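Biologist: Could you take one part of this chain and walk me through it closely? I'd like the helix and whatever sits at its far end, with enough of the rest to place it.

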Amino acid sequence: MSELPPEKAPTIRVTAMPADANPYGDIFGGWLIGQMDLAAGSVASRRSGGRAVTIAADAMKFHMPVIVGDEVSVYAELIAVGRTSMTIEVEAWRRARHSNDSCKVTQARFIFVAVGDDRKPRPVPPANS
């Protein structure tokens, strides 16, 4: 595959383990979505300066399976900020345990809303300049 992973550091990097797989050794899609949600949530919390919750995941595409033992790197990038919401583009890449070659396995767009202690939407503060 000619596509290369992003040149920035991943938001999350984890090894896929047997408990995360079906009987055939393929990682559950839900586990992968959970890792992507964690990465997006980290970006959203930092940008909003506090609690942020997932309200949607759009454009989810699974390109290839992840196998037990693969290293999964998840890249998350803030692409839009609204009054209370943030849109984060997320890609997951796999690397076989004993290889240097990576390939994109999943991508999606997550939408988060900043919430206060009362768990109600609150404005996302202006970006620090």
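Modeller: Here is the overall picture, followed by the helix, its last residue and a loop glycine. Keep in mind that this is a predicted model.

Let's start with the layout. The chain has one helix and five strands, and from the N terminus they come in the order β-α-β-β-β-β. If you box up the C-alpha atoms along the principal axes, you get roughly 45 × 30 × 20 Å. Of the 129 residues, 39% are buried. Among contacts with a separation of 6 or more, 70% join residues 24 or more positions apart. On the outside, the chain exposes about 7500 Å², with carbon and sulfur atoms supplying 52% of that. As for charge, there are 15 positive and 14 negative ones, and their mean positions lie 7 Å apart.

Now the helix itself. H1 covers residues 29-48, so its 20 residues would be expected to span 28 Å at 1.5 Å a residue, and the distance from first to last C-alpha, 28 Å, is close to that. Its buried residues are Trp31, Leu32, Gln35, Met36, Ala39, Ala40, Gly41, Val43, Ala44 and Ser48. What lies over them? The cover includes strands E1 (12-15), E2 (52-62), E3 (71-81), E4 (85-95) and E5 (102-114).

Ser48 deserves a stop of its own. This serine lies in H1, and it counts as buried because its relative accessibility is 1%, where the cut-off is under 20%. Skip the neighbours within four places in sequence, and Ser48 is in contact with Met86, Ala114, Arg122, Val124 and Pro125. Its side chain also has a polar partner just along the chain: the backbone oxygen of Gly50, at 3.2 Å. Right after H1 comes Gly49, which has a positive phi, near 70°.

Val124, one of the contacts of Ser48, also leads us to the loop glycine. Gly82 sits in the loop between E3 and E4, and its C-alpha is 7.5 Å from that of Val124, although 42 residues separate the two along the chain. Is Gly82 buried or exposed? Neither, really: at 34% relative accessible area, Gly82 falls between the 20% and 50% cut-offs, so it is called partly exposed.

To pull the helix end together: Ser48 is buried at 1%, touches Val124 among others, and reaches the Gly50 backbone oxygen with its side chain.

Methods
Residues numbered from 1 in each chain as written. Predicted model: local features only at pLDDT ≥ 70, side-chain atom pairs only at ≥ 80, totals over all residues. Heavy atoms only, no water. Helix = DSSP H or I, 4+ residues; strand = E, 2+ residues; numbered from the N terminus. Buried < 20%, exposed > 50% of the residue type's maximum accessible area, 1.4 Å probe, protein only. Contact = heavy atoms within 4.5 Å. Areas by Shrake-Rupley, 256 points an atom, 1.4 Å probe, with all protein chains shown as cover. Lys, Arg positive; Asp, Glu negative; His and termini not counted. Charge placed at Lys NZ, Arg CZ, Asp CG, Glu CD. Polar contact = N/O pair within 3.5 Å; in protein donor to acceptor, adjacent residues only side chain to side chain.
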